[in-house]
Amino acid sequence: QAQRRGFGFFGGGEDPKVHARVAGAQRGALSHLVHPNVLMRVLDSGLYGNTYDLAEYMDDLTDAIFKADLRSSVNTYRQGLQLMYVEALIKSLDDKSRLNGVAQRVVLAQLRRIDRQQRHASSPDRLTRTHSAHVGHLIDVALDRHTPVRPQKVPKTRKRGPRPAFFFPAHPLPRSPCTDAHQNQPPMFDR
């Protein structure tokens, strides 16, 4: 029987999965860089002499991932990296996260910074604009979920003072005949 070349992929396509391979490598590196143990180690090392604090570390990491693409087209590899980074930051805000409050506030500040940068970035093509909108949407949803709701100010009630004019008639009420008859009688209990 003649061989049928090119048809032996059995469920998979013959095209190379380039994005999947690159995403796997990016995910591996990024999962280490934003792992809660690494972030807490950077935070704790400031207590015993490290001058490279967590806020500076996160600023540098965010700049490395986003800064070069603020005014240009973002290729699909960088779009994947940026989405993974934002999703990792959002995940680190969950209640199940092992980050303490200080580290979570630094992460929250980075999300706000990325959101601000994405809103002011100029996107030359539609693919980059949709990517920026997607990143902005993910951050908005996360901020809505993780930002405490401040109670609304309740309007103060009016201070008790003189009552409005409709409680005090401008003219006296007419008197009934019964009232006049009772006023002229002597008191019932004289002593």
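Visitor: How do the residues lining the largest pocket divide into nonpolar, polar and charged?
Guide: In this predicted model, the lining holds five nonpolar, four polar and six charged residues. There are 15 lining residues, and Val34, Glu87, Ala88, Lys91 and Ser92 lie nearest the centre of the pocket. Glu87 and Lys91 count as charged, Val34 and Ala88 as nonpolar, and Ser92 as polar.

Visitor: Which elements give two or more residues to that lining?
Guide: Those are α1 (18-33) and α4. The largest share, four residues, comes from α4. The volume of this pocket is about 350 Å³.

Visitor: Now to the rings. How many aromatic pairs are there?
Guide: The count comes to two.

Visitor: What makes the pair of Tyr52 and Tyr57 edge-to-face?
Guide: Their ring centres are 6.2 Å apart and their planes stand at 90°. Centres within 6.5 Å make a pair and planes over 60 degrees apart count as edge-to-face, so this pair is edge-to-face.

Visitor: Why is Tyr57 called buried?
Guide: Its relative accessibility is 13%, and buried means under 20%. Tyr52, at 30%, counts as partly exposed, because that class runs between 20% and 50%.

Visitor: Why is the pair of Phe66 and Tyr85 called tilted?
Guide: Phe66 and Tyr85 have 55° between their planes, with 6.3 Å centre to centre. Tilted covers what is neither under 30 degrees nor over 60.

Visitor: What does this pair tie together?
Guide: Phe66 lies in helix α3 (residues 54-66) and Tyr85 in helix α4 (residues 76-91), so the pair ties together parts 19 residues apart in sequence. Phe66 is buried at 1%, and Tyr85 is buried at 0%.

Methods
Residues are numbered from 1 along each chain as its sequence is written. This is a predicted model: local features need pLDDT of at least 70, side-chain atom pairs count only at pLDDT 80 or more; totals for chains, interfaces and linings use all residues. Side-chain values use heavy atoms; hydrogens and water are left out. Rings of Phe, Tyr and Trp (its six-membered ring) pair if their centres lie within 6.5 Å; planes under 30 degrees apart count as stacked, over 60 as edge-to-face and the rest as tilted. Buried means under 20% relative accessible area, exposed over 50%, partly exposed in between (1.4 Å probe, protein chains only). On a 1 Å grid over the protein atoms alone, a cavity is a set of points where a 1.4 Å probe fits but cannot get out, and a pocket is an open set with protein on both sides within 12 Å along at least five of seven lines; lining residues have an atom within 4 Å of a point. Grid points are joined across faces, edges and corners, and a volume is the space filled by probe spheres set on the points.
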